[in-house]
Amino acid sequence: MSNSSLGSELPFPDVGDYASLMQSLTYCILIHDAETKDILWANQAACDMLGFSLDELRPLKAPDMSSADPRFRRSIGVHWLQDAVDHGMSRIEWMYKSKTGREFLTEAIAVRADLRQRPVVMVQFRDIEKEELLKSDLQRTEGRLQAFLRHMAEGILVVDQDSVISYASVAGGEQLGRDVDELVGTDLLGLCSEQSRPELQKALASPHAEGSPVSLRLQIARPDGTTAWFGASCQYIALEHDLTGTLVLLHDISEQVEAEKQHRRDLEHLNYLGRYNAMGDMAMAIAHELGQPLAAATNFIDGVARRLVNPTTSRDDLEYGLDNARKQIDRANHIVSSLRSFVVQLEQSEQIVDLNEIVEDCLYFIMLRAQQHDTEVQVVKSDLPLWIRCEKVLTGQVILNLCHNAIDEMSGWPAKERHVTITTYATADSGVFRVADRGKGLAHIPDGRIFDGAFTSKSTGSGIGLALSHRIITRQQGRLWAEENDSRGASFIFELPLAVVDGTDDE
(Lines give C-alpha, C1' and ligand atoms only; values in the text may rest on other atoms or scores of the structure.)
Protein backbone atom coordinates (compact mmCIF):
# COMPACT_ATOMS: atom_id res chain seq x y z
CA MET A 1 0.00 0.00 0.00
CA SER A 2 1.55 3.31 -1.11
CA ASN A 3 1.28 6.70 0.47
CA SER A 4 -0.60 7.93 -2.63
CA SER A 5 -3.27 5.25 -2.16
CA LEU A 6 -3.69 6.34 1.46
CA GLY A 7 -3.93 9.91 0.30
CA SER A 8 -6.63 9.11 -2.18
CA GLU A 9 -8.81 7.86 0.64
CA LEU A 10 -7.71 10.32 3.38
CA PRO A 11 -7.27 13.81 1.94
CA PHE A 12 -5.10 15.15 4.85
CA PRO A 13 -2.32 17.71 4.49
CA ASP A 14 1.15 16.20 4.76
CA VAL A 15 -0.32 12.88 3.77
CA GLY A 16 3.02 11.13 3.42
CA ASP A 17 4.20 11.94 6.95
CA TYR A 18 0.82 11.07 8.47
CA ALA A 19 0.68 7.77 6.62
CA SER A 20 4.13 6.87 7.91
CA LEU A 21 3.01 7.60 11.44
CA MET A 22 -0.10 5.46 11.10
CA GLN A 23 1.83 2.60 9.58
CA SER A 24 4.41 2.67 12.37
CA LEU A 25 1.78 2.07 15.04
CA THR A 26 1.83 -1.34 16.72
CA TYR A 27 -1.79 -0.71 17.67
CA CYS A 28 -4.17 -2.06 15.03
CA ILE A 29 -6.27 0.53 13.17
CA LEU A 30 -9.37 -0.07 11.03
CA ILE A 31 -11.30 2.84 9.47
CA HIS A 32 -14.98 2.26 8.69
CA ASP A 33 -17.39 4.44 6.76
CA ALA A 34 -19.64 6.05 9.37
CA GLU A 35 -22.76 5.41 7.33
CA THR A 36 -22.24 2.04 5.62
CA LYS A 37 -19.75 0.64 8.15
CA ASP A 38 -17.64 -0.64 5.25
CA ILE A 39 -13.90 -0.90 5.79
CA LEU A 40 -12.09 1.98 4.11
CA TRP A 41 -8.53 1.45 5.33
CA ALA A 42 -6.33 -0.55 7.70
CA ASN A 43 -2.80 0.00 8.92
CA GLN A 44 -0.11 -2.60 8.52
CA ALA A 45 -0.43 -3.85 12.12
CA ALA A 46 -4.11 -4.67 11.52
CA CYS A 47 -3.34 -6.38 8.20
CA ASP A 48 -0.63 -8.48 9.85
CA MET A 49 -2.83 -9.53 12.75
CA LEU A 50 -5.84 -10.39 10.61
CA GLY A 51 -3.73 -11.96 7.84
CA PHE A 52 -5.45 -10.01 5.05
CA SER A 53 -4.10 -7.40 2.68
CA LEU A 54 -5.87 -4.04 2.50
CA ASP A 55 -7.55 -4.98 -0.77
CA GLU A 56 -8.78 -8.23 0.81
CA LEU A 57 -10.09 -6.42 3.89
CA ARG A 58 -12.17 -3.75 2.14
CA PRO A 59 -15.01 -5.98 0.92
CA LEU A 60 -15.19 -8.06 4.15
CA LYS A 61 -18.14 -7.88 6.53
CA ALA A 62 -18.34 -8.84 10.20
CA PRO A 63 -19.02 -12.60 9.59
CA ASP A 64 -15.89 -12.80 7.44
CA MET A 65 -13.52 -11.50 10.09
CA SER A 66 -15.31 -12.20 13.38
CA SER A 67 -15.98 -15.24 15.53
CA ALA A 68 -19.08 -17.29 14.72
CA ASP A 69 -20.08 -17.01 18.39
CA PRO A 70 -23.52 -15.28 18.61
CA ARG A 71 -22.00 -12.72 20.94
CA PHE A 72 -20.04 -11.36 17.97
CA ARG A 73 -22.71 -11.39 15.24
CA ARG A 74 -22.82 -8.59 12.68
CA SER A 75 -25.80 -6.74 14.18
CA ILE A 76 -23.93 -6.30 17.46
CA GLY A 77 -20.84 -5.03 15.63
CA VAL A 78 -22.90 -2.55 13.60
CA HIS A 79 -24.65 -1.34 16.75
CA TRP A 80 -21.29 -0.81 18.44
CA LEU A 81 -19.97 1.24 15.47
CA GLN A 82 -23.19 3.23 15.31
CA ASP A 83 -22.90 3.96 19.03
CA ALA A 84 -19.54 5.57 18.30
CA VAL A 85 -21.12 7.58 15.45
CA ASP A 86 -23.88 8.79 17.77
CA HIS A 87 -21.83 9.43 20.92
CA GLY A 88 -18.31 9.95 19.71
CA MET A 89 -16.76 6.82 21.23
CA SER A 90 -17.71 3.26 22.13
CA ARG A 91 -15.73 0.42 23.70
CA ILE A 92 -16.19 -3.35 23.33
CA GLU A 93 -14.38 -6.68 23.62
CA TRP A 94 -14.53 -8.22 20.15
CA MET A 95 -13.44 -11.65 18.98
CA TYR A 96 -11.78 -11.17 15.57
CA LYS A 97 -10.99 -14.07 13.25
CA SER A 98 -7.89 -14.11 11.05
CA LYS A 99 -7.65 -15.34 7.50
CA THR A 100 -6.31 -18.65 8.82
CA GLY A 101 -9.32 -19.05 11.09
CA ARG A 102 -7.51 -18.27 14.36
CA GLU A 103 -9.70 -16.35 16.75
CA PHE A 104 -8.35 -13.84 19.23
CA LEU A 105 -10.04 -11.61 21.76
CA THR A 106 -9.37 -7.89 21.47
CA GLU A 107 -10.12 -4.71 23.29
CA ALA A 108 -11.61 -2.46 20.62
CA ILE A 109 -12.34 1.27 20.83
CA ALA A 110 -14.39 2.95 18.12
CA VAL A 111 -14.03 6.75 17.73
CA ARG A 112 -15.97 8.96 15.31
CA ALA A 113 -13.79 11.25 13.18
CA ASP A 114 -15.36 13.95 11.00
CA LEU A 115 -13.07 14.16 7.98
CA ARG A 116 -13.46 16.75 5.21
CA GLN A 117 -14.49 14.09 2.75
CA ARG A 118 -16.82 12.05 5.00
CA PRO A 119 -17.37 11.05 8.64
CA VAL A 120 -15.59 7.82 9.57
CA VAL A 121 -15.23 5.52 12.56
CA MET A 122 -11.67 4.71 13.52
CA VAL A 123 -11.42 1.40 15.37
CA GLN A 124 -8.34 0.80 17.50
CA PHE A 125 -7.92 -2.75 18.76
CA ARG A 126 -5.28 -4.92 20.40
CA ASP A 127 -5.00 -8.60 21.22
CA ILE A 128 -5.84 -9.13 24.90
CA GLU A 129 -6.05 -12.92 24.78
CA LYS A 130 -2.82 -13.32 26.76
CA GLU A 131 -3.94 -10.61 29.14
CA GLU A 132 -7.27 -12.37 29.67
CA LEU A 133 -5.51 -15.67 30.25
CA LEU A 134 -3.21 -13.95 32.70
CA LYS A 135 -6.17 -12.22 34.32
CA SER A 136 -7.99 -15.54 34.55
CA ASP A 137 -4.90 -17.18 36.04
CA LEU A 138 -4.57 -14.34 38.55
CA GLN A 139 -8.24 -14.61 39.49
CA ARG A 140 -7.93 -18.36 39.86
CA THR A 141 -4.75 -17.96 41.91
CA GLU A 142 -6.39 -15.28 44.05
CA GLY A 143 -9.42 -17.52 44.55
CA ARG A 144 -7.23 -20.41 45.59
CA LEU A 145 -5.23 -18.16 47.87
CA GLN A 146 -8.38 -16.82 49.48
CA ALA A 147 -9.67 -20.38 49.95
CA PHE A 148 -6.31 -21.39 51.39
CA LEU A 149 -6.35 -18.44 53.80
CA ARG A 150 -9.91 -19.27 54.86
CA HIS A 151 -9.06 -22.89 55.60
CA MET A 152 -5.55 -22.58 57.01
CA ALA A 153 -5.16 -23.24 60.71
CA GLU A 154 -3.06 -20.13 61.31
CA GLY A 155 -4.62 -16.72 61.62
CA ILE A 156 -2.82 -13.78 59.99
CA LEU A 157 -2.52 -10.30 61.45
CA VAL A 158 -0.49 -7.28 60.39
CA VAL A 159 0.25 -5.01 63.35
CA ASP A 160 1.90 -1.59 63.30
CA GLN A 161 4.51 -0.41 65.78
CA ASP A 162 1.76 0.84 68.11
CA SER A 163 0.27 -2.71 68.12
CA VAL A 164 -2.79 -1.59 66.13
CA ILE A 165 -4.08 -4.28 63.76
CA SER A 166 -4.12 -3.04 60.14
CA TYR A 167 -5.00 -6.38 58.50
CA ALA A 168 -6.66 -9.59 59.70
CA SER A 169 -7.40 -12.77 57.79
CA VAL A 170 -10.73 -14.57 58.14
CA ALA A 171 -8.99 -17.35 60.10
CA GLY A 172 -7.46 -14.73 62.38
CA GLY A 173 -10.88 -13.32 63.13
CA GLU A 174 -12.33 -16.78 63.77
CA GLN A 175 -9.50 -17.70 66.14
CA LEU A 176 -9.90 -14.49 68.13
CA GLY A 177 -13.70 -14.77 68.08
CA ARG A 178 -14.20 -11.45 66.27
CA ASP A 179 -15.22 -10.19 62.83
CA VAL A 180 -12.38 -9.09 60.58
CA ASP A 181 -13.82 -5.57 60.32
CA GLU A 182 -13.97 -5.41 64.11
CA LEU A 183 -10.33 -6.50 64.47
CA VAL A 184 -8.89 -3.91 62.06
CA GLY A 185 -8.02 -0.85 64.12
CA THR A 186 -8.00 -2.79 67.41
CA ASP A 187 -5.03 -2.66 69.78
CA LEU A 188 -3.62 -6.21 69.91
CA LEU A 189 -1.90 -5.53 73.25
CA GLY A 190 -5.27 -4.67 74.72
CA LEU A 191 -6.55 -8.13 73.82
CA CYS A 192 -3.61 -9.91 75.48
CA SER A 193 -3.35 -10.89 79.12
CA GLU A 194 -0.92 -8.91 81.29
CA GLN A 195 1.58 -11.78 81.38
CA SER A 196 1.65 -11.91 77.54
CA ARG A 197 2.09 -8.20 76.88
CA PRO A 198 5.82 -7.80 77.67
CA GLU A 199 6.79 -10.45 75.10
CA LEU A 200 4.62 -8.87 72.39
CA GLN A 201 5.88 -5.37 73.19
CA LYS A 202 9.45 -6.61 72.85
CA ALA A 203 8.67 -8.23 69.48
CA LEU A 204 7.11 -4.98 68.19
CA ALA A 205 9.76 -2.66 69.67
CA SER A 206 12.21 -2.90 66.75
CA PRO A 207 10.13 -4.00 63.76
CA HIS A 208 12.70 -2.95 61.16
CA ALA A 209 15.40 -5.23 62.51
CA GLU A 210 16.26 -7.99 60.09
CA GLY A 211 16.50 -11.59 61.22
CA SER A 212 14.52 -14.72 61.87
CA PRO A 213 10.89 -14.58 63.03
CA VAL A 214 10.37 -14.15 66.78
CA SER A 215 8.32 -16.93 68.39
CA LEU A 216 6.26 -16.29 71.51
CA ARG A 217 3.10 -17.32 73.33
CA LEU A 218 0.12 -15.04 73.73
CA GLN A 219 -2.91 -15.46 75.95
CA ILE A 220 -5.78 -13.54 74.35
CA ALA A 221 -9.26 -12.85 75.68
CA ARG A 222 -12.28 -13.60 73.52
CA PRO A 223 -15.57 -11.65 73.56
CA ASP A 224 -17.40 -14.57 75.19
CA GLY A 225 -15.23 -14.19 78.30
CA THR A 226 -12.97 -17.19 77.58
CA THR A 227 -9.25 -16.99 76.95
CA ALA A 228 -7.13 -18.93 74.49
CA TRP A 229 -3.41 -19.53 74.13
CA PHE A 230 -1.75 -18.90 70.78
CA GLY A 231 1.67 -19.69 69.45
CA ALA A 232 2.73 -16.53 67.57
CA SER A 233 5.44 -15.92 64.99
CA CYS A 234 6.32 -12.25 64.44
CA GLN A 235 8.32 -10.80 61.54
CA TYR A 236 8.55 -7.36 59.94
CA ILE A 237 7.11 -6.98 56.42
CA ALA A 238 6.81 -4.12 53.93
CA LEU A 239 4.64 -5.32 51.02
CA GLU A 240 2.94 -2.04 50.13
CA HIS A 241 2.79 1.43 51.56
CA ASP A 242 -0.46 0.52 53.31
CA LEU A 243 0.62 -2.98 54.38
CA THR A 244 3.72 -2.40 56.45
CA GLY A 245 4.36 -3.60 59.97
CA THR A 246 4.81 -6.84 61.88
CA LEU A 247 3.29 -9.97 60.39
CA VAL A 248 1.84 -12.06 63.22
CA LEU A 249 0.91 -15.68 62.52
CA LEU A 250 -1.35 -17.14 65.21
CA HIS A 251 -1.93 -20.82 65.91
CA ASP A 252 -4.29 -21.95 68.66
CA ILE A 253 -2.29 -24.00 71.18
CA SER A 254 -4.85 -23.99 73.99
CA GLU A 255 -5.06 -27.79 73.99
CA GLN A 256 -1.26 -28.04 74.04
CA VAL A 257 -1.01 -25.62 76.99
CA GLU A 258 -3.70 -27.56 78.84
CA ALA A 259 -1.84 -30.81 78.11
CA GLU A 260 1.34 -29.27 79.51
CA LYS A 261 -0.53 -28.26 82.66
CA GLN A 262 -1.89 -31.79 82.96
CA HIS A 263 1.61 -33.14 82.41
CA ARG A 264 2.92 -30.97 85.26
CA ARG A 265 0.07 -32.15 87.49
CA ASP A 266 0.87 -35.75 86.59
CA LEU A 267 4.53 -35.19 87.42
CA GLU A 268 3.60 -33.63 90.75
CA HIS A 269 1.40 -36.65 91.46
CA LEU A 270 4.25 -38.97 90.49
CA ASN A 271 6.57 -37.06 92.79
CA TYR A 272 4.05 -37.40 95.59
CA LEU A 273 3.60 -41.14 95.04
CA GLY A 274 7.34 -41.66 94.73
CA ARG A 275 8.06 -39.80 97.96
CA TYR A 276 5.13 -41.48 99.68
CA ASN A 277 6.56 -44.89 98.80
CA ALA A 278 10.03 -43.74 99.79
CA MET A 279 8.71 -42.60 103.15
CA GLY A 280 7.09 -46.00 103.57
CA ASP A 281 10.41 -47.73 102.94
CA MET A 282 12.12 -45.37 105.36
CA ALA A 283 9.49 -46.02 108.03
CA MET A 284 9.99 -49.77 107.60
CA ALA A 285 13.76 -49.37 107.84
CA ILE A 286 13.50 -47.15 110.89
CA ALA A 287 11.17 -49.60 112.63
CA HIS A 288 13.54 -52.49 111.91
CA GLU A 289 16.92 -50.84 112.35
CA LEU A 290 16.27 -48.54 115.29
CA GLY A 291 14.60 -51.24 117.35
CA GLN A 292 17.86 -52.97 118.36
CA PRO A 293 20.05 -49.95 119.29
CA LEU A 294 17.23 -48.18 121.12
CA ALA A 295 16.30 -51.32 123.02
CA ALA A 296 19.96 -51.88 123.92
CA ALA A 297 20.37 -48.25 125.02
CA THR A 298 17.26 -48.56 127.17
CA ASN A 299 18.67 -51.69 128.82
CA PHE A 300 22.01 -50.02 129.57
CA ILE A 301 20.30 -46.94 131.02
CA ASP A 302 17.99 -49.15 133.15
CA GLY A 303 21.08 -50.99 134.41
CA VAL A 304 22.77 -47.74 135.36
CA ALA A 305 19.63 -46.61 137.17
CA ARG A 306 19.51 -49.81 139.22
CA ARG A 307 23.21 -49.50 140.11
CA LEU A 308 22.81 -45.91 141.24
CA VAL A 309 20.73 -47.00 144.25
CA ASN A 310 23.27 -49.69 145.15
CA PRO A 311 25.95 -48.17 147.41
CA THR A 312 28.46 -50.84 146.39
CA THR A 313 28.33 -49.93 142.67
CA SER A 314 31.65 -48.64 141.41
CA ARG A 315 32.07 -45.58 139.21
CA ASP A 316 33.55 -47.80 136.47
CA ASP A 317 30.33 -49.85 136.31
CA LEU A 318 28.25 -46.71 135.87
CA GLU A 319 30.56 -45.28 133.20
CA TYR A 320 30.51 -48.63 131.37
CA GLY A 321 26.72 -48.63 131.22
CA LEU A 322 26.51 -44.97 130.12
CA ASP A 323 29.23 -45.39 127.47
CA ASN A 324 27.45 -48.35 125.94
CA ALA A 325 24.10 -46.55 126.03
CA ARG A 326 25.75 -43.59 124.23
CA LYS A 327 27.22 -45.96 121.59
CA GLN A 328 23.79 -47.43 120.90
CA ILE A 329 22.27 -43.96 120.62
CA ASP A 330 25.09 -42.92 118.25
CA ARG A 331 24.31 -46.00 116.17
CA ALA A 332 20.65 -44.95 116.03
CA ASN A 333 21.67 -41.43 114.98
CA HIS A 334 23.83 -42.90 112.22
CA ILE A 335 20.88 -44.94 110.97
CA VAL A 336 18.61 -41.88 110.95
CA SER A 337 21.28 -39.88 109.10
CA SER A 338 21.66 -42.61 106.49
CA LEU A 339 17.91 -42.76 105.94
CA ARG A 340 17.64 -38.98 105.67
CA SER A 341 20.34 -38.84 102.97
CA PHE A 342 18.19 -40.97 100.66
CA VAL A 343 15.58 -38.22 100.21
CA VAL A 344 17.54 -34.98 100.44
CA GLN A 345 15.08 -32.41 99.07
CA LEU A 346 11.39 -31.90 99.52
CA GLU A 347 11.11 -30.37 96.06
CA GLN A 348 12.91 -32.43 93.45
CA SER A 349 14.05 -31.22 90.03
CA GLU A 350 15.55 -32.93 87.04
CA GLN A 351 19.33 -33.14 87.23
CA ILE A 352 22.30 -34.89 85.65
CA VAL A 353 23.53 -37.67 87.92
CA ASP A 354 25.52 -40.90 87.72
CA LEU A 355 23.22 -43.94 87.63
CA ASN A 356 25.81 -45.81 89.69
CA GLU A 357 25.48 -43.15 92.40
CA ILE A 358 21.71 -43.67 92.59
CA VAL A 359 22.22 -47.41 92.95
CA GLU A 360 24.81 -46.80 95.69
CA ASP A 361 22.33 -44.59 97.59
CA CYS A 362 19.73 -47.37 97.41
CA LEU A 363 22.00 -50.25 98.48
CA TYR A 364 21.43 -49.68 102.21
CA PHE A 365 17.70 -50.36 101.81
CA ILE A 366 18.22 -53.16 99.29
CA MET A 367 20.63 -54.98 101.63
CA LEU A 368 18.25 -54.45 104.54
CA ARG A 369 15.44 -56.21 102.63
CA ALA A 370 17.89 -58.92 101.51
CA GLN A 371 18.93 -59.60 105.14
CA GLN A 372 15.30 -59.98 106.15
CA HIS A 373 14.80 -62.67 103.47
CA ASP A 374 18.27 -64.22 103.77
CA THR A 375 18.97 -63.46 100.08
CA GLU A 376 22.40 -62.95 98.52
CA VAL A 377 22.71 -59.78 96.44
CA GLN A 378 25.49 -59.36 93.87
CA VAL A 379 26.17 -55.86 92.52
CA VAL A 380 28.07 -55.39 89.24
CA LYS A 381 28.32 -51.68 88.43
CA SER A 382 29.76 -50.07 85.31
CA ASP A 383 33.41 -49.05 85.71
CA LEU A 384 32.64 -45.66 84.15
CA PRO A 385 30.03 -43.13 85.31
CA LEU A 386 26.64 -43.43 83.60
CA TRP A 387 25.52 -39.81 83.39
CA ILE A 388 21.76 -39.57 82.90
CA ARG A 389 19.26 -36.72 83.24
CA CYS A 390 16.49 -37.73 85.64
CA GLU A 391 14.60 -37.14 88.87
CA LYS A 392 17.10 -38.71 91.25
CA VAL A 393 14.71 -39.61 94.09
CA LEU A 394 12.02 -41.00 91.77
CA THR A 395 14.55 -43.04 89.81
CA GLY A 396 15.93 -44.35 93.10
CA GLN A 397 12.41 -45.36 94.10
CA VAL A 398 12.12 -47.38 90.86
CA ILE A 399 15.40 -49.15 91.66
CA LEU A 400 14.18 -49.92 95.19
CA ASN A 401 10.85 -51.21 93.94
CA LEU A 402 12.38 -53.52 91.30
CA CYS A 403 15.02 -54.84 93.72
CA HIS A 404 12.54 -55.39 96.55
CA ASN A 405 10.28 -57.28 94.14
CA ALA A 406 13.20 -59.50 93.09
CA ILE A 407 14.18 -60.19 96.73
CA ASP A 408 10.57 -60.88 97.71
CA GLU A 409 10.30 -63.28 94.77
CA MET A 410 13.28 -65.25 96.11
CA SER A 411 11.87 -65.52 99.64
CA GLY A 412 9.80 -68.57 98.68
CA TRP A 413 12.79 -70.56 97.40
CA PRO A 414 15.32 -72.63 99.37
CA ALA A 415 17.88 -70.46 101.16
CA LYS A 416 20.84 -71.67 99.05
CA GLU A 417 19.02 -70.65 95.82
CA ARG A 418 18.13 -67.14 96.92
CA HIS A 419 20.26 -64.93 94.68
CA VAL A 420 19.67 -61.54 93.03
CA THR A 421 22.07 -59.77 90.63
CA ILE A 422 22.09 -56.00 90.10
CA THR A 423 23.92 -54.68 87.03
CA THR A 424 24.51 -51.26 85.47
CA TYR A 425 26.02 -50.69 82.04
CA ALA A 426 25.89 -48.36 79.04
CA THR A 427 24.62 -48.78 75.50
CA ALA A 428 25.35 -46.37 72.64
CA ASP A 429 22.90 -43.77 73.94
CA SER A 430 21.48 -45.02 77.26
CA GLY A 431 22.40 -45.85 80.82
CA VAL A 432 20.90 -49.23 81.80
CA PHE A 433 19.87 -50.74 85.17
CA ARG A 434 19.08 -54.47 85.40
CA VAL A 435 18.00 -56.64 88.33
CA ALA A 436 17.75 -60.42 87.80
CA ASP A 437 16.26 -63.03 90.12
CA ARG A 438 16.16 -66.84 90.00
CA GLY A 439 12.43 -67.16 90.56
CA LYS A 440 9.64 -68.64 88.48
CA GLY A 441 9.99 -66.17 85.62
CA LEU A 442 7.32 -64.51 83.53
CA ALA A 443 5.48 -67.44 81.95
CA HIS A 444 2.61 -67.16 84.43
CA ILE A 445 2.09 -63.42 83.81
CA PRO A 446 -0.65 -62.39 81.32
CA ASP A 447 0.80 -60.67 78.25
CA GLY A 448 0.95 -56.91 78.50
CA ARG A 449 -0.27 -56.80 82.13
CA ILE A 450 3.02 -56.49 83.99
CA PHE A 451 2.96 -52.70 84.16
CA ASP A 452 -0.76 -51.91 83.92
CA GLY A 453 -1.34 -51.80 87.67
CA ALA A 454 -3.49 -54.94 87.69
CA PHE A 455 -0.80 -57.58 88.08
CA THR A 456 1.01 -58.64 91.27
CA SER A 457 2.48 -61.98 92.32
CA LYS A 458 2.38 -61.09 96.00
CA SER A 459 -0.54 -62.18 98.13
CA THR A 460 -0.57 -58.81 99.86
CA GLY A 461 0.54 -56.73 96.86
CA SER A 462 -1.46 -54.20 94.84
CA GLY A 463 0.61 -54.15 91.64
CA ILE A 464 0.79 -50.37 91.85
CA GLY A 465 4.58 -50.38 92.34
CA LEU A 466 5.36 -51.69 88.86
CA ALA A 467 2.79 -49.40 87.22
CA LEU A 468 4.22 -46.40 89.05
CA SER A 469 7.78 -47.43 88.16
CA HIS A 470 6.85 -47.76 84.49
CA ARG A 471 5.24 -44.33 84.50
CA ILE A 472 8.21 -42.67 86.21
CA ILE A 473 10.68 -44.09 83.68
CA THR A 474 8.61 -43.36 80.57
CA ARG A 475 7.94 -39.81 81.76
CA GLN A 476 11.70 -39.32 81.74
CA GLN A 477 11.95 -40.44 78.08
CA GLY A 478 13.15 -43.88 79.18
CA ARG A 479 11.94 -47.45 78.79
CA LEU A 480 11.15 -50.18 81.37
CA TRP A 481 10.59 -53.81 80.42
CA ALA A 482 10.84 -57.38 81.70
CA GLU A 483 12.30 -60.50 80.09
CA GLU A 484 12.96 -64.15 80.88
CA ASN A 485 16.47 -65.15 81.93
CA ASP A 486 18.29 -67.82 79.93
CA SER A 487 18.61 -70.16 82.92
CA ARG A 488 15.79 -69.35 85.35
CA GLY A 489 13.88 -66.39 86.65
CA ALA A 490 13.23 -62.95 85.21
CA SER A 491 15.02 -59.64 84.76
CA PHE A 492 13.52 -56.19 85.04
CA ILE A 493 15.45 -53.55 83.08
CA PHE A 494 15.13 -49.85 82.52
CA GLU A 495 17.17 -47.47 80.41
CA LEU A 496 17.39 -43.69 80.46
CA PRO A 497 19.07 -41.48 77.80
CA LEU A 498 22.69 -40.60 78.47
CA ALA A 499 23.33 -36.91 79.15
CA VAL A 500 26.17 -34.82 77.75
CA VAL A 501 28.22 -33.31 80.58
CA ASP A 502 31.23 -31.01 80.72
CA GLY A 503 33.97 -32.81 82.55
CA THR A 504 32.92 -35.40 85.11
CA ASP A 505 30.96 -33.33 87.64
CA ASP A 506 27.23 -33.72 87.79
CA GLU A 507 25.06 -30.69 87.82
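1. In this predicted model, Glu483 faces Ser491 of strand E17 as its opposite residue. The pairing between E16 and E17 is antiparallel and extends over 6 bridges. In general, strands of a sheet are held to one another by backbone hydrogen bonds, in either a parallel or an antiparallel arrangement.

2. Strands E16 and E17 belong to an open sheet of 5 strands, ordered E12-E14-E15-E17-E16, in which the pairing is mixed. The edges are formed by strand E12 (residues 376–380) and by E16, each of which pairs on one side only. On average, neighbouring strands of this sheet are turned by 15° against each other when direction is ignored.

3. Two further pairings illustrate the mixed character of the sheet. E12 and E14 run parallel and are joined by 5 bridges; within this pair, Val380 has Thr423 of E14 as its bridge partner. E14 and E15, by contrast, run antiparallel and are joined by 6 bridges, with Thr421 opposite Ala436 of E15. The connection from E14 to E15 is a hairpin that passes through 3 residues.

4. The next point concerns the packing around this sheet. The largest nonpolar core comprises 39 residues, and those with the most contacts inside it are Ile366, Ile399, Leu402, Phe433, Val435, Phe492 and Phe494. Two or more residues each come from helices H15 (355–372), H16 (392–410) and H17 (464–475), and from strands E13 (387–390), E14 (419–426), E15 (430–436), E16 (479–484) and E17 (490–497). The most is given by H16, with 9 residues. As a general tendency in soluble globular proteins, nonpolar side chains are buried together.

5. Ile399 may be examined individually. Leaving aside residues up to four places away in sequence, Ile399 touches Leu355, Ile358, Val359, Cys362, Ile366, Phe433 and Phe494. A second core, separate from the one above, has 37 residues and includes Ile39, Leu40, Leu54 and Tyr96.

6. Helix H6 (residues 74–87) passes a simple check of its geometry: with a rise of 1.5 Å a residue, its 14 residues should span 20 Å, and the end C-alpha atoms are 20 Å apart, so the expected and modelled values agree. Just after H6, Gly88 adopts a positive phi of about 95°.

7. Which residues of H6 are buried? They are Gly77, Trp80, Leu81, Ala84 and Val85. These residues lie on the same side of H6, because they cover an arc of only 145° around the axis. The general background is that an α-helix has 3.6 residues a turn, so residues three or four places apart point the same way. The exposed residues His79 and His87 are carried on the face of H6 turned away from its buried side. The cover over the buried residues of H6 includes strands E1 (28–33), E3 (89–97), E4 (103–114) and E5 (119–127).

8. For the protein chain as a whole, the model contains 17 helices and 17 strands. Of the 507 residues in the protein chain, 41% are buried. Among contacts between residues at least 6 apart in sequence, 57% join residues at least 24 apart.

Definitions and conventions. Residues are numbered from 1 along each chain as its sequence is written. This is a predicted model: local features need pLDDT of at least 70, side-chain atom pairs count only at pLDDT 80 or more; totals for chains, interfaces and linings use all residues. Side-chain values use heavy atoms; hydrogens and water are left out. Helices (H or I, at least four residues) and strands (E, at least two) are DSSP runs, numbered from the N terminus. The expected span of a helix is 1.5 Å times one less than its number of residues. Buried means under 20% relative accessible area, exposed over 50%, partly exposed in between (1.4 Å probe, protein chains only). The arc is that of the directions from the helix axis to the C-beta atoms. Contact means heavy atoms within 4.5 Å. A nonpolar core is a set of buried Ala, Val, Leu, Ile, Met, Phe, Trp, Tyr and Cys residues joined through side-chain atoms within 4.5 Å. Two strands pair if DSSP finds at least two bridges between them. Axes are lines fitted to C-alpha atoms, for helices over the stretch in contact, and angles run from 0 to 180 degrees between N-to-C directions.
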